[in-house]
Amino acid sequence: MNKALICIKPPGLGDANILISNVHHISQAINKPLTILAQKTTGARTLFKNDPHVNDVIDLGKRDFFNIINKIKSRKFDECYIYSDSIRLYLIAKLSGIKKIHHYPFFSKKGKNFYKTAQEFTEKILHRKISSFSKIYWDKNAIEKAKKNYDIKSEVKNIVCGISASGPTKRYDIDNYIKLFQEINSRFPCKFFLFGGKNDEILIERVMGSISNCVPLSKLNLDQVIPIFAACRFYIGNDTGPLHISANLNLKCLAIFCDSPPSAYGLWNPNIKIIVPTGETIESTKHNTRGKDKISFDEVLKKSLELIK
């Protein structure tokens with residue numbers, strides 16, 4: 001049986017989540033768990049912590065080369081799957097003594113659909129169609145503990161709120177989120193779990209100043225956050241890492257795409273319902289659409305209520 005390495009170049013948490021299906025299909029095809037090479041920012045070590053298809057994660061530094069070659073060479077991999085057109089990753093694999101290297105064509109990244117490119121790459125290797133739908137494996141006891149610690153009850157609408165994003169142009173206005181959560185709260189018993197990093201605490205404080213039944217998650221790490229997400233039923237928010245985690249945990253999701261392509265980051269998982277700026281379509285909304293001020297609040301409210309009813 002082959003000993004295989006999966007290389008993930010994109011640094012984002014959402015990117016790694018979208019690639020999980022491909023990892024599972026490769027592992028199933030060779031009938032053996034894989035090793036993942038990825039940057040720490042992908043959260044791969046946590047995402048694959050309980051995954052039977054992955055037995056190890058190697059951290060890739062932004063400028064790693066010779067030191068990572070030494071780490072990989074000692075493990076004697078038979079083959080490598082590089083989800084990138086990166087020449088650096090190809091050379092790392094080659095100089096590590098890996099004989100069989102699958103990789104994207106060099107200089108092919110520009111204009112490509114992220115999830116479709118990965119899916120087609122895997123399908124070409126395996127000679128069969130695959131689904132992009134995937135899952136995060138997590139310990140059931142940890143999820144039950146989260147339910148107890150955060151008083152997560154089935155009769156309440158427990159909603160993960162992705163109010164932050166990787167940049168201001170991708171972030172729906174916080175005042176609109178406050179108005180939205182107030183409207184939802186007036187119709188259903190709710191609890192809002194506010195996800196954001198330490199730099200987003202001002203946004204979180206603004207929501208908590210307007211709505212009482214909120215739980216801030218900004219001081220928790222990914223390992224602590226995932227079981228809380230898994231205990232919830234819904235996600236409402238921007239196109240950001242927590243959206244893709246939620247979709248992989250089988251939450252029903254409503255994603256607001258202001259300035260990124262839903263065709264690449266929204267269609268990969270059927271749990272995700274999509275909203276784009278007024279006048280745009282799923283196909284026309286891309287990076288640099290800059291549509292945060294063209295999102296219809298009425299549409300967001302209508303689809304949010306449809307989601308959680």
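Let me begin with Lys-147, which at 30% relative accessibility counts as partly exposed, in what is, I should say at once, a predicted model. Its partner is Glu-144, with which Lys-147 forms a salt bridge whose closest N and O atoms lie 3.3 Å apart, and Glu-144 is likewise partly exposed, at 45% relative accessibility. Both residues belong to helix H7, residues 140-149, where they stand three residues apart and are therefore separated by about one helical turn. As a general point, an α-helix has 3.6 residues a turn, so residues three or four places apart point the same way.

The structure holds 11 salt bridges, and I will take two others from among them. In one, the side chains of Asp-175 and Arg-206 meet at 2.3 Å, N to O, and this pair links distant parts of the chain, since Asp-175 sits in helix H8, residues 174-187, while Arg-206 sits in helix H9, residues 201-208, 31 residues away. Asp-175 is partly exposed at 40%, and Arg-206 is partly exposed at 37%. In the other, Glu-123 meets Lys-129 at 3.9 Å, N to O; here Glu-123 is buried, with a relative accessible area of 11%, whereas Lys-129 is exposed, at 72%.

Let me turn now to helix H4, residues 66-73, whose buried residues are Ile-68, Ile-69 and Ile-72. Viewed down the axis of H4, these buried residues fall within an arc of 105°, so they line one face of the helix. They pack against strands S1 (4-8), S2 (34-38) and S3 (54-59), and against helix H5 (87-95), while the face of H4 turned away from its buried side carries the exposed residues Phe-66 and Asn-70.

Note on methods
Residues numbered from 1 in each chain as written. Predicted model: local features only at pLDDT ≥ 70, side-chain atom pairs only at ≥ 80, totals over all residues. Heavy atoms only, no water. Buried < 20%, exposed > 50% of the residue type's maximum accessible area, 1.4 Å probe, protein only. Helix = DSSP H or I, 4+ residues; strand = E, 2+ residues; numbered from the N terminus. Arc of directions from axis to C-beta. Contact = heavy atoms within 4.5 Å. Salt bridge = Lys/Arg side-chain N within 4 Å of Asp/Glu carboxyl O.
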